[in-house]
Amino acid sequence: MLAVIARPDRLDRVPDLRNCEVAARNYPGHFVVAGTEEDLDRAEAQLRRADVLHQRVPVEYAYHSRLMDEVLTECRASLDEVDFAPPTLPWVSSVDGHLVERPSAEHFWRVARLPIEFQRTMDAMRARGDFLYLDLGPSGTLHNFVRGNLPAGTRSTSLALLSPFGHDPGLLDKARELAGPTTRNRPKSPRKTARKAHRMKVYGFPGQGSQQRGMGRHLFEKYPEHTATADRVLGYSLAELCLTDPERRLGKTEFTQPALYAVSALGYLERQAEDPEPADYLIGHSLGEYVALFAAGVFDFETGLRLVQQRGALMAAADGGGMVAAVGLDEAGLLRALADAGIEDLDIANHNAPEQLVLSGPRESIDAACAAVEAAGARAVRLNVSAPFHSRYMRATAEEFTRFLDGFTLRAPGVPVLANVDGQPYDPDAIKETLTAQIVSPVRWTDTVRRLMGHGDFDFVELGPGRVLTNLVAKIRKTAEPLPAPTARPRTEPAPVPGTPSASPAGTPAEVPAVVQTPPQDAVPVTAETLGAAGFRERYGLRRAYLLGALYGGISGREMLGAASKAGLLGFLGTGGLTLQDVDSRLRELTGDLGRGGAFGVNLLYRHGAPQEESALVDLLLRHGVDLVEASGFPLITPALVRFRLKGGRIIAKVNRTDVAAEFLAPPPERLVARLVESGEVTAEEARAAAGRPMADDLCVEADGGWLSSTADLLTLLPAVLRLRDEAAGSGHRVHVGCAGGLGTPEAVTAAFLLGAEFVLTGSVNQCSVEAATSAEVKDILQAAREYEVDTAPWGELFEFGTRARYLKRGLFFPARATRLHELWRRHTSAAELDEATRSQILDRYLGGERPAPEAPGTDPKQELADLFRTYFTRGFRLAVTGDERHRVDYLVHCGPAMGAFNQVVEGTDLQPWPVRTVEAIADTLMEGAAAHLTARLRAFHRAG
């Protein structure tokens with residue numbers, strides 16, 4: 001299926017769409033077609049040439065088309081046997097917009113076979129009168145469709161009660177209020193809200209590019225004193241520049257910025273005189289943010305004009321680069337297009353809309369980016385600017401502007417102003433720092449609007465020339481989901497200017513987690529959503545900087561990864577201990593549920609002495625379209641891992657030593673790349689595209705405390721790897737560093753973030769969840785375990801090397817027996833050396849009478865003994881996941897002390913019994929608890945200070 005963002009009359013411009021069937025008409029400008037893969041491919045090619053926005057729908061079948069006829073005929077037979085009762089509530093069908101009087105097999109056949117006429121249904125609903133639409137789905141998609149069908153001025157409205165971006169319990173109260181015929185006799189809700197009773201009002205001010213000759217014509221006479229002030233400060237006639245522009249200077253940055261500021265500020269004064277009620281929020285695009293600060297009372301008209309005049313002069317003096325707008329690609333698609341073209345020195349300068357982004361950087365790279373964007377099927381539009389604005393290349397300009405700002409006194413905003421740098425309200429104590437950061441940071445306009453959407457609907461008024469922002473806001477409202485509403489920013493210490501010695505290395509803009517902020521008593525607390533690095537969350541499309549690590553033997557499987565994806569989290573399929581056929585089967589299930597390239601990753605485990613197994617797994621992952629792995633246990637970079645990287649794969653590498661971390665921070669080893677190119681396993685183009693990129697996208701420090709034993713603790717290893725990352729950072733991809741191991745309490749998670757972790761990864765605690773693919777018997781034991789009821793023993797995967805892992809020992813013999821087997825292996829060179837009593841005990845008691853498969857002729861006797869003992873590990877794991885009560889003492893349960901620590905946290909709460917522990921609830925307990933703990937500790941420090 002293929003969604004087309006255009007009116008159906010565009011079918012005439014794209015003849016190949018005629019080979020497809022219209023499957024849904026959702027609202028004016030949005031319809032969906034269904035067809036064969038070949039027909040859709042041809043239609044997509046024509047849509048790209050016609051510059052029509054479109055997107056594949058991630059489904060496996062051509063629903064609502066003739067291609068469903070065969071399967072629907074089979075389904076019809078089952079439905080014919082069902083006697084349906086009439087509905088007890090009015091039920092309107094989206095097939096035709098009519099009431100369903102009595103459902104039947106014929107009706108449900110039409111629902112699956114005929115087009116969805118959502119637009120017609122909404123027309124029918126409006127004809128019946130005003131209505132309140134409540135979208136009860138998890139994504140808010142239909143809420144957006146409804147809004148696309150509602151004309152201006154209608155009293156009908158829509159609410160999305162669920163959202164993947166946050167939970168707002170106040171929406172239910174709002175729904176009750178809107179649905180009730182009167183509130184006169186209803187009790188007041190106990191919930192208090194700071195929102196105003198009227199519809200939220202937002203004023204927006206445009207940035208450079210909106211200027212036009214003739215702007216402000218009626219304002220200069222209406223505000224003569226302000227106009228005279230502008231003439232005096234600027235040294236030329238503002239009215240002449242804006243109205244006639246005889247010297248053609250209005251398009252030059254040093255003249256554009258003060259002129260646009262002045263006209264927009266006068267427009268605000270006019271609006272204020274007409275409507276004295278202040279706005280709820282003020283926002284501005286780049287330069288427009290200065291007008292928003294003027295309207296909020298941060299400075300007077302003249303001060304703002306002087307600031308803008310200097311800003312414009314400094315930016316005009318910068319050179320050596322350019323900018324290009326990419327239209328038709330989202331951020332992930334744009335970054336992939338740049339990576340495929342080997343372009344790493346450009347920054348995203350503007351996030352104007354979900355598929356309208358602006359790149360900034362050196363001119364040669366801008367030229368290359370134009371070609372890459374167009375090759376990806378999008379449109380590239382060069383901007384007429386003299387420098388790479390809002391990028392790392394403006395650091396010198398930002399530093400000079402900082403010195404100029406020092407001469408001014410700025411006041412706290414009287415109305416919240418959302419900053420371009422992050423879409424959050426200005427911090428009263430860091431206004432100058434934020435204005436400086438704005439010069440080198442991207443304009444996050446999309447996130448700003450999405451945060452306003454988190455409050456519900458709002459009235460947007462653009463004050464200034466043109467309607468650029470009005471159009472962008474409308475586009476974002478239609479195509480994007482809300483983010484959590486803006487919160488008052490905690491007060492912070494002044495931040496250094498990017499580019500000074502204390503800032504991040506070149507090309508790695510600092511992502512300071514919320515944990516460095518020191519809120520006063522009455523500040524809004526740190527939230528679970530703001531812990532860690534925003535860039536990490538954006539890279540993987542996450543609600544929180546939180547990952548679910550792979551669990552051995554597929555315990556982290558279909559149910560767990562599906563639940564994580566629905567919760568806005570990211571989990572990894574555990575492949576250790578599974579055959580290739582098992583992995584293939586599970587990947588088919590996952591891609592069927594979540595789609596190819598869905599929100600999940602796969603564990604890629606180092607295979608000592610079996611590189612062919614590692615290579616075969618990489619082949620399988622590439623066939624299934626898996627582009628993200630959790631690489632674990634790698635002491636060195638292997639050819640299979642490099643091949644996955646060169647094929648476009650993304651890698652989160654778990655490391656427990658700094659030397660291994662350094663290898664993952666470096667580009668793929670040239671000798672391995674050359675060997676892969678020579679063997680034809682990768683192309684020369686693929687090798688060139690990956691040149692200069694680090695082996696890993698991100699690193700996860702795996703300290704001692706997890707189920708795999710390590711020699712380094714978190715306090716030692718995490719700061720060392722962070723320092724190593726900063727020293728190795730170049731001008732391109734930023735490698736985030738997170739941590740795993742021992743994270744079973746909110747306090748432990750807090751400590752990780754305070755140490756500088758940019759994300760956290762949990763493991764053991766997720767085994768005792770509803771979704772974990774292990775037995776109820778194991779979960780019963782895990783639920784009762786304490787942190788001291790674990791022990792170390794050899795790890796079966798690296799038995800011969802003595803690598804040790806942690807196992808649950810509560811009522812279990814496995815750790816002790818596994819340790820004894822390793823001692824026997826160390827002392828003997830073959831099974832023949834074992835005395836009869838020992839051999840009998842191992843074969844009959846440890847292995848339960850099972851006999852391993854015979855070894856190949858010529859196998860080393862010592863290796864044969866290791867393989868025999870390894871059978872105990874395989875059997876113990878199988879007994880555990882099947883819950884075989886007869887051999888309970890031999891259960892193999894990988895587990896770190898975090899499990900017992902978590903049990904202590906939830907003791908006496910609703911989460912004490914494992915049947916209610918979902919992976920989402922576990923994540924909420926740890927992340928929300930960490931945010932609350934951190935807020936409390938920071939407030940305690942503030943009081944002590």
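**Entry 1. Charges over rings**

I began with Y236 and found that R249 lies over the face of its ring, 5.2 Å from the ring centre. I note here that the model is predicted. I then looked up a second case, F458: the charged end of R477 sits over this ring, at 3.9 Å from its centre.

**Entry 2. Aromatic pairs**

I next asked how many aromatic pairs the ring rule gives. The count comes to 26 aromatic pairs. I took F118 and F145 as one example: the ring centres are 6.1 Å apart and the planes stand at 65 degrees, so I recorded the pair as edge-to-face, the cut-off for that class being over 60 degrees. I located F118 in helix α4 (residues 118–128) and F145 in helix α5 (residues 141–149), so this pair ties together parts that are 27 residues apart in sequence. I also checked burial, and both F118 and F145 are buried.

For contrast in geometry I turned to F401 and F404, which form a stacked pair with 6.3 Å from centre to centre and 25 degrees between the planes. I find both F401 and F404 in helix α15 (residues 395–405), 3 residues apart, which is about one turn of the helix. I then asked whether F401 is buried or exposed. F401 counts as buried because its relative accessibility is 1%, under the 20% limit. F404 has a relative accessible area of 26%, so I entered F404 as partly exposed.

I also traced a cluster linked by ring pairs; its members are F799, Y807, F814, W825, Y846, Y872 and F873.

**Entry 3. Helices α15 and α16**

I followed α15 to its contact with helix α16 (residues 431–440). The axes of α15 and α16 come within 8 Å and cross at roughly 160 degrees. I therefore recorded α15 and α16 as roughly antiparallel to each other. The crossing of α15 past α16 is right-handed. On the α15 side I list R395, T397, A398, F401, T402 and L405 as making the contact, and on the α16 side K432, L435, T436, I439 and V440. F401 of the stacked pair is thus also among the contact residues of α15.

**Entry 4. Helices α30 and α32**

I returned to the region of the ring cluster and looked up helix α30 (residues 814–827) and helix α32 (residues 861–882), whose axes come within 10 Å and cross at roughly 175 degrees. That angle makes α30 roughly antiparallel to α32. I noted that F814, R817, A818, L821, L824, W825 and R826 in α30 meet K862, L865, A866, F869, Y872 and F873 in α32. F814, W825, Y872 and F873 belong to the ring cluster, and I find these residues again in the contact of α30 with α32.

**Entry 5. Helices α2 and α3, with W91**

I examined helix α2 (residues 69–80) and helix α3 (residues 105–113): the axes come within 9 Å and cross at roughly 155 degrees. I therefore entered α2 and α3 as roughly antiparallel to each other. α2 passes α3 in a right-handed crossing. The contact involves D69, L72, R76, L79 and D80 of α2, together with A105, E106, F108, W109, A112 and R113 of α3.

I then asked where W91 is placed. W91 is in the loop between α2 and α3, and I recorded W91 as partly exposed because its relative accessible area is 31%. W91 and E101, 10 residues apart in sequence, are 7.9 Å apart in space, C-alpha to C-alpha. With neighbours within four places in sequence left aside, I find W91 in contact with H98, L99, V100, P103, H107 and F108. F108 is also one of the α3 residues in the contact with α2.

**Entry 6. Loop residues**

I looked up backbone angles in two loops. Most residues other than glycine have a negative phi. D245 has a positive phi, near 45 degrees, and lies in the loop between α9 (238–243) and α10 (253–274). I counted D245 as buried because its relative accessibility is 6%. S286 also has a positive phi, near 60 degrees; I find S286 in the loop between β8 (281–284) and α11 (288–295). With a relative accessible area of 10%, S286 is buried.

I closed with R543, in the loop between α19 (534–540) and β14 (546–548). R543 counts as buried at 16% relative accessibility. I recorded 6.4 Å in space, C-alpha to C-alpha, between R543 and L569, which are 26 residues apart in sequence.

Technical notes
Residues are numbered from 1 along each chain as its sequence is written. This is a predicted model: local features need pLDDT of at least 70, side-chain atom pairs count only at pLDDT 80 or more; totals for chains, interfaces and linings use all residues. Side-chain values use heavy atoms; hydrogens and water are left out. Rings of Phe, Tyr and Trp (its six-membered ring) pair if their centres lie within 6.5 Å; planes under 30 degrees apart count as stacked, over 60 as edge-to-face and the rest as tilted. Helices (H or I, at least four residues) and strands (E, at least two) are DSSP runs, numbered from the N terminus. Buried means under 20% relative accessible area, exposed over 50%, partly exposed in between (1.4 Å probe, protein chains only). A charge sits over a ring if NZ of Lys or CZ of Arg is within 6 Å of the ring centre and within 35 degrees of the ring normal. Axes are lines fitted to C-alpha atoms, for helices over the stretch in contact, and angles run from 0 to 180 degrees between N-to-C directions. Angles under 35 degrees count as roughly parallel, over 145 as roughly antiparallel, 65 to 115 as roughly perpendicular and the rest as oblique. A crossing is left-handed if the near helix is turned anticlockwise from the far one by less than a right angle, and right-handed if clockwise. Contact means heavy atoms within 4.5 Å.
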